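Welcome! Let us walk through this structure together, one region at a time.

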Amino acid sequence: MISPIRRLIKRLGRPRGPRRTAVPGLLFGLLFALQGLLLLPYPGLQTDEALFGSVIYEPRNLELSVQVFRHKIPLMLISYLGCLKAAVYAVLFRFWPPSLYSVRVPVILAGAVTVWLFYRLLRETLGRGAAWIGALLLATDATFLLTTTFDWGPVALQHLLLMGGLCLLLRSYRTGESASLAAGFFLFGLGLWDKAIFVWMLSGLSLGALAVLRRELTRLLSLRRAAIALAALLVGASPLVLYNLRSGGATFRGARYTAADVPGKASLLVSSLAGSSLFGYLTREEEGPARSEPPGRFERLSPAVSEAAGRPRRNLLVPALALSLALWPLYRRTPAGRAVLLALVAGGAAWAQMAFNQDTGGSTHHTVLLWPLPHLVVAAALVEVSQRLGRAGRALRAAAALAVAASGLLVSNEHLAQWIRHGPGPVWTEAVQELAVRLEGTPARKVVVADWGIVDSLRLLARGRLPLYQAIDLASQDWLTPDQQRMLGWLLEPEDAVFVGHSPDQEVVPGSSARLEAHAARAGWSKQILYVVRDRHRRAVFEVYRFQPTSAPGPPRSR
């Protein structure tokens with residue numbers, strides 16, 4: 001009897017018509033891209049989304065760079081985040097200046113290509129039915145859509161490099177090409193450079209492959225192929241390797257692990273699968289003032305759909321995944337069953353690293369790195385189980401896949417409806433675009449930022465033309481050391497220095513403006529509001545002000 005693995009290998013070796021098989025994947029990628037473009041204009045540029053701009057524009061922030069022929073080449077932005085994304089955008093911005101569209105369209109395209117690659121991977125391993133279902137579910141997944149379109153994680157390159165590397169390894173497996181093997185591991189290396197937590201999925205998939213495909217890997221492995229793979233991986237990750245050699249392993253130093261956060265992170269995983277974890281963060285929950293301009297015809301459609309559907313906040317992926325796992329004993333001896341087992345081992349190992357890591361792994365942009373493993377599980381199970389039901393099975397699996405996909409689209413629409421009704425969350429405010437424009441027209445030798453979540457967005461939107469400084473450390477403390485008092489005095493001079501903060505009810509660090517004003521008053525300066533920047537719903541979001549000298553300064557307040 002031919003084993004399930006041998007049947008899978010025979011399927012991998014069958015020739016396919018590349019043009020014919022590529023079209024559905026491209027259509028699913030297009031579906032994803034259209035959704036992203038629809039959502040793109042509503043939130044403003046968030047600080048972590050714009051963080052890569054600190055490599056390109058002043059004031060620059062770098063952890064590691066190298067000098068090559070008088071040119072400074074950035075390598076690491078912070079200890080675990082490389083400059084790969086910044087390198088891509090540094091080229092792009094020469095032709096397309098920074099804006100919401102030039103920042104977000106490329107990552108939307110990266111997400112669309114990821115969907116297409118996922119389709120190709122499933123098509124070549126589990127067949128056409130699983131590929132259609134898996135790609136459809138991924139393309140309509142609200143969490144994948146939002147975390148990719150507004151790439152604050154960042155995660156878009158993580159998904160793209162992982163899927164690209166897996167497709168190249170599959171090609172190498174089928175053809176024996178060393179070039180595809182090297183290219184695949186080079187992409188994995190780039191993933192590690194892009195963000196070191198790429199190791200979660202890379203190690204998880206490695207464990208999954210060892211658990212499920214041990215014999216096949218043993219036949220494939222040789223000293224030569226292992227050397228090629230390792231060399232390609234190290235070349236791709238060389239900036240990260242160089243940084244850790246110079247810093248004594250700073251990327252991994254001080255990592256702490258605890259089980260205390262596991263229940264909360266498990267709850268986050270479930271809500272991320274359901275598409276509900278970003279309500280209240282990307283969107284506002286509360287009713288606000290009326291919009292400064294009435295919604296157009298299209299903008300009236302989204303809330304209407306939301307109301308008709310009952311304002312849904314959860315999709316059907318969680319029950320579909322639970323059912324797929326409950327039925328696993330029925331198909332565990334099939335290629336689909338092996339694929340599900342591999343996904344479970346890989347996803348479990350990757351999530352465990354998030355769950356027990358005390359300092360990271362507790363946000364949606366971490367859990368989404370497990371994608372598209374859940375969609376693979378549902379697609380494989382749905383196709384395999386439906387085949388046992390005869391003719392009715394095909395209709396049943398189509399109805400089930402469309403129901404899960406429709407529920408995902410409705411959750412994405414609910415985010416859009418929330419933006420139309422209430423606007424984006426405070427750190428995603430669209431008012432930051434107007435703030436950047438007005439500050440560029442405000443004469444000042446210093447623009448001092450007094451709250452978190454503003455500097456990186458201003459740097460990128462103004463293309464480094466603003467003389468930005470930070471006073472967040474000063475504004476977050478009730479008293480100042482003598483050194484901090486001297487720093488405050490330097491920031492207050494000259495008198496045309498402009499200060500920027502959130503309005504009191506929008507502050508990320510509560511009370512920051514009041515504390516900075518108190519520090520300045522004790523130094524003999526009084527606050528003068530220049531103007532307030534409002535969002536579409538007429539909320540006062542940002543305050544722009546100066547400090548004017550008063551009479552004698554008050555007594556210093558220090559440690």
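**Two helices side by side**

The model shown here is a predicted one. A good place to begin is helix 7, which passes helix 9 in a right-handed crossing. Helix 7 covers residues 156–175 and helix 9 covers residues 198–212. Their axes come within 11 Å and cross at roughly 25 degrees. Angles under 35 degrees count as roughly parallel, so helix 7 is roughly parallel to helix 9.

Which residues make the contact between helix 7 and helix 9? From helix 7 come Gln158, Leu162 and Leu166, while helix 9 supplies Phe198, Met201 and Leu205. Sorted by class, this contact has 5 nonpolar residues, 1 polar residue and no charged ones. It helps to recall that an α-helix has 3.6 residues a turn, so residues three or four places apart point the same way.

Stay with helix 9 for a moment and find leucine 210, which lies in this helix. Is leucine 210 buried or exposed? Partly exposed is the answer, because its relative accessibility is 47%, and the partly exposed class lies between the cut-offs of 20% and 50%. The C-alpha atom of leucine 210 is separated by 9.7 Å from that of valine 345, although the two residues are 135 apart along the chain.

Helix 7 also turns up in the surroundings of helix 3, which spans residues 84–92. In helix 3, Leu84, Lys85, Ala86 and Tyr89 are buried. Among the elements that cover these buried residues are strand 3 (81–82), helix 4 (100–125), helix 7 and helix 8 (178–194).

Now move on to the sheet. Here 5 strands form an open sheet with mixed pairing, in the order 5-4-6-8-7. Strand 5 (468–470) and strand 7 (525–534) stand at the edges; each has a single partner strand, so one side of each is left without a neighbour in the sheet. On average, and ignoring direction, neighbouring strands of this sheet are turned by 30 degrees against each other.

At the edge formed by strand 5, look for its pairing with strand 4 (residues 447–449): the two run parallel and are joined by 3 bridges. For valine 449, the bridge partner in strand 5 is glutamine 470.

Finally, see which helices meet these strands. Helix 24 (residues 482–492) lies across strand 4, strand 5, strand 6 (498–502), strand 7 and strand 8 (540–549), and runs at about 155 degrees to strand 5. Helix 25 (residues 512–522) packs on the sheet too, touching strand 6, strand 7 and strand 8. The direction of helix 25 makes about 5 degrees with that of strand 8.

Conventions. Residues are numbered from 1 along each chain as its sequence is written. This is a predicted model: local features need pLDDT of at least 70, side-chain atom pairs count only at pLDDT 80 or more; totals for chains, interfaces and linings use all residues. Side-chain values use heavy atoms; hydrogens and water are left out. Axes are lines fitted to C-alpha atoms, for helices over the stretch in contact, and angles run from 0 to 180 degrees between N-to-C directions. Helices (H or I, at least four residues) and strands (E, at least two) are DSSP runs, numbered from the N terminus. Angles under 35 degrees count as roughly parallel, over 145 as roughly antiparallel, 65 to 115 as roughly perpendicular and the rest as oblique. A crossing is left-handed if the near helix is turned anticlockwise from the far one by less than a right angle, and right-handed if clockwise. Contact means heavy atoms within 4.5 Å. Ala, Val, Leu, Ile, Met, Phe, Trp, Tyr, Cys and Pro count as nonpolar, Asp, Glu, Lys and Arg as charged, and the others, Gly among them, as polar. Buried means under 20% relative accessible area, exposed over 50%, partly exposed in between (1.4 Å probe, protein chains only). Two strands pair if DSSP finds at least two bridges between them.
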